[in-house]
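Please open the model in the viewer and keep the sequence at hand. The tour below proceeds by selections, each followed by a description of what is found there.

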Amino acid sequence: MSRLLAASSLALVLLLTLSGCKVDPTKPEHWEKTLGKARKAQDKVRVVEALRSSGHLNESFLPLLHARLAEEGKPEVKAAVARALGDVKSPTSVSPLSDAVDLGVTDSAANLMNKALAAALGEIGDPKATPMLLKLLKARDNFTRVEAVEALGRMRVAEAVEPLIQLATDEGVEPFLNKKAIEALGRIGDARAVPSLVRMLTKERQGTSFYTESSFSLFQVGQPAADALLSVLEGKDAELSGWMQRNNINPASYSFKAAQVLGQLRERRAEGTLLQQLAFKHEDPRVQAVVRTRAADALARMRSAAAVKPLAALAAEPDAGVRQAYTYALVLVGGREALPALEKAAGQGHWYARRSALEALTMLGDAREQPALEKLMAAEPARTASECAELGGEGCEDPAALARKRVEEMTKHGKRLEAAKACGADAGCWAKKLEDADKGVVERAALEVGRGKSAAHVGALLARMPETDLNARQALILGAEWLVEDSKEAATQARSALPALEKQLTEEKSQTEFVQVNEDLRRLVARLQRQKT
């Protein structure tokens with residue numbers, strides 16, 4: 001409700017109550033009389049909205065609201081009363097709200113009424129609301145259907161699984177409704193939804209992909225999804241293979257998408273197949289790269305020690321984007337084994353490829369790598385000059401200035417090595433580095449704290465979660481996930497941060513810069529919610 005509507009509502013209530021005997025505004029009688037004096041539908045709506053914002057609304061108002069819901073003829077007034085009942089959240093309101101639903105309406109005001117009724121039933125969340133919410137899945141108005149879908153998902157209604165599967169895969173409805181149904185299936189977490197969710201991983205319609213919603217829902221389902229995706233990754237799902245062939249879907253698309261979700265689920269049974277995928281070959285180099293890099297990401301999320309050697313062999317990949325995927329995977333796995341390969345790769349290729357290896361070197365090394373960094377810095381002017389002469393590009397009108405800029409960046413990365421020299425394997429020291437002014441140091445500190453397995457520091461990671469630097473936030477999320485996975489005590493402590501994390505996700509939902517990194521934050525929240533239940 002806008003400030004203007006709130007002000008006008010309160011002004012109307014004041015105007016209607018100036019005459020006659022004073023009645024206690026905390027009592028239903030006051031509001032009943034005020035409503036009785038309002039003649040127009042819009043005035044009644046304002047009175048109800050004023051009640052909602054007054055701070056007096058409680059269960060003592062239910063008889064009045066239930067009666068008004070039954071007596072009012074105008075749908076906009078019924079909608080306002082439904083919103084008030086949704087605020088009170090009493091199970092006794094389920095029957096009056098359900099009785100007020102009119103599935104035969106077509107006008108916009110009545111559709112808005114049904115939407116408000118569905119939302120109120122969802123807010124109450126009582127199982128007795130299930131029959132009506134299931135009926136509202138077939139409402140003519142899509143926004144009413146969305147409210148019913150979201151309510152059934154929040155309530156985790158098992159009876160809703162089959163109709164939600166039908167809605168999720170229905171090509172005759174708007175894609176946003178498919179997406180809402182997919183999300184609801186994830187919240188419910190029923191294994192029956194897994195086959196359909198797996199198919200929706202590659203589905204696109206009207207230029208819309210359903211991968212993000214489907215992959216997250218599979219993550220929420222958990223073990224049944226892992227079992228199914230492992231079969232997909234290994235090429236053992238004959239039914240899915242036949243479906244892919246009939247729908248002209250490249251099998252490689254399922255290889256990398258299954259790998260991603262399995263990595264997010266930390267499904268160690270997939271490790272052997274994922275290691276094989278690091279050597280995947282395809283006639284299209286783009287397909288080959290995406291399968292390999294997604295396998296690298298999955299192995300990194302599992303912190304697979306067996307992946308270090310094959311990933312190190314790929315660290316000199318010429319393509320900058322592909323190289324970054326491999327070198328970052330090595331960063332997540334951790335350890336010093338890959339440092340020689342990273343040092344070598346930091347001196348090979350063009351700047352953007354060299355830089356990703358250099359960053360990985362300073363994310364894993366310590367004072368022992370300082371001479372290597374200094375050597376790379378000393379060689380950078382000649383490398384920049386050669387690169388500009390061969391390839392040109394932005395900044396090459398003054399190669400010397402460009403080289404100085406790059407050396408300055410390399411010097412900044414070197415702060416991580418200084419931090420590693422100071423902290424070594426001391427998780428407490430790294431926890432203090434989370435407050436460092438340099439975001440690169442914060443990024444490394446977050447991963448080191450996560451590796452430290454000390455539950456005492458999970459709060460420090462979670463407290464920094466609003467971090468606006470995307471690389472640092474990604475590391476904070478992963479560090480917190482590792483602690484939660486490795487320590488029951490850390491998981492218990494982390495659950496106390498759930499309200500703040502959920503609030504952050506809600507507040508940042510429309511901020512496009514955080515969309516990608518917050519997918520991992522959503523998974524952390526889902527992991528904590530799952531452990532809570």
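**First selection: arginine 292**

In this predicted model, please begin by selecting helix H18, residues 285-301, where arginine 292 is found. What is the nearest side chain of opposite charge to arginine 292? It is glutamate 317, at 5.6 Å. Arginine 292 is buried yet has no salt bridge; a salt bridge would require a side-chain nitrogen of Lys or Arg within 4 Å of a carboxyl oxygen of Asp or Glu.

Next, display the surroundings of arginine 292. With residues up to four places away in sequence left out, arginine 292 touches Gln277, Leu278, Ala279, Phe280 and Lys281, as well as Leu314 and Tyr326.

**Second selection: valine 173**

Please move to the loop that runs between helix H10 (161-168) and helix H11 (175-188); valine 173 lies in this loop. Is valine 173 buried or exposed? Its relative accessibility is 11%, and it therefore counts as buried, since the cut-off for a buried residue is under 20%.

Now add Arg145, Leu167, Asn178 and Arg205 to the selection: valine 173 is in contact with these residues, neighbours within four places in sequence being set aside. Asparagine 142 may be selected as well. It stands 31 residues from valine 173 along the chain, and the C-alpha atoms of the two are separated by 8.7 Å.

**Third selection: a charged patch**

Which residues gather in a patch of negative charge on the surface? Please select Asp24, Glu29, Glu32 and Glu71, which form this patch. Within the group, centre the view on glutamate 29, found in helix H2, residues 28-37. Glutamate 29 has a relative accessible area of 44% and is thus partly exposed.

**Final view: the whole chain**

Please clear the selection and display the full chain. It has 31 helices and two strands, and its C-alpha trace spans about 90 × 55 × 50 Å along the principal axes. Of the 533 residues in the chain, 54% are buried. When contacts between residues at least 6 apart in sequence are considered, 68% of them join residues at least 24 apart.

With the surface switched on, the accessible area of the chain comes to about 24,600 Å², and 51% of it belongs to carbon and sulfur atoms. Colouring by charge completes the tour: the chain carries 75 positive and 71 negative charges, whose mean positions are 2 Å apart.

Note on methods:
Residues are numbered from 1 along each chain as its sequence is written. This is a predicted model: local features need pLDDT of at least 70, side-chain atom pairs count only at pLDDT 80 or more; totals for chains, interfaces and linings use all residues. Side-chain values use heavy atoms; hydrogens and water are left out. Helices (H or I, at least four residues) and strands (E, at least two) are DSSP runs, numbered from the N terminus. Buried means under 20% relative accessible area, exposed over 50%, partly exposed in between (1.4 Å probe, protein chains only). Contact means heavy atoms within 4.5 Å. Patches are made of residues with over 30% relative accessible area and no salt bridge: like charges are joined within 9 Å, nonpolar side chains (Val, Leu, Ile, Met, Phe, Trp, Tyr) within 5 Å. Accessible areas come from the Shrake-Rupley method with a 1.4 Å probe; for residues, only the protein chains shown count as cover. Lys and Arg count as positive and Asp and Glu as negative; His and the chain ends are not counted. The place of a charge is taken as NZ of Lys, CZ of Arg, CG of Asp or CD of Glu.
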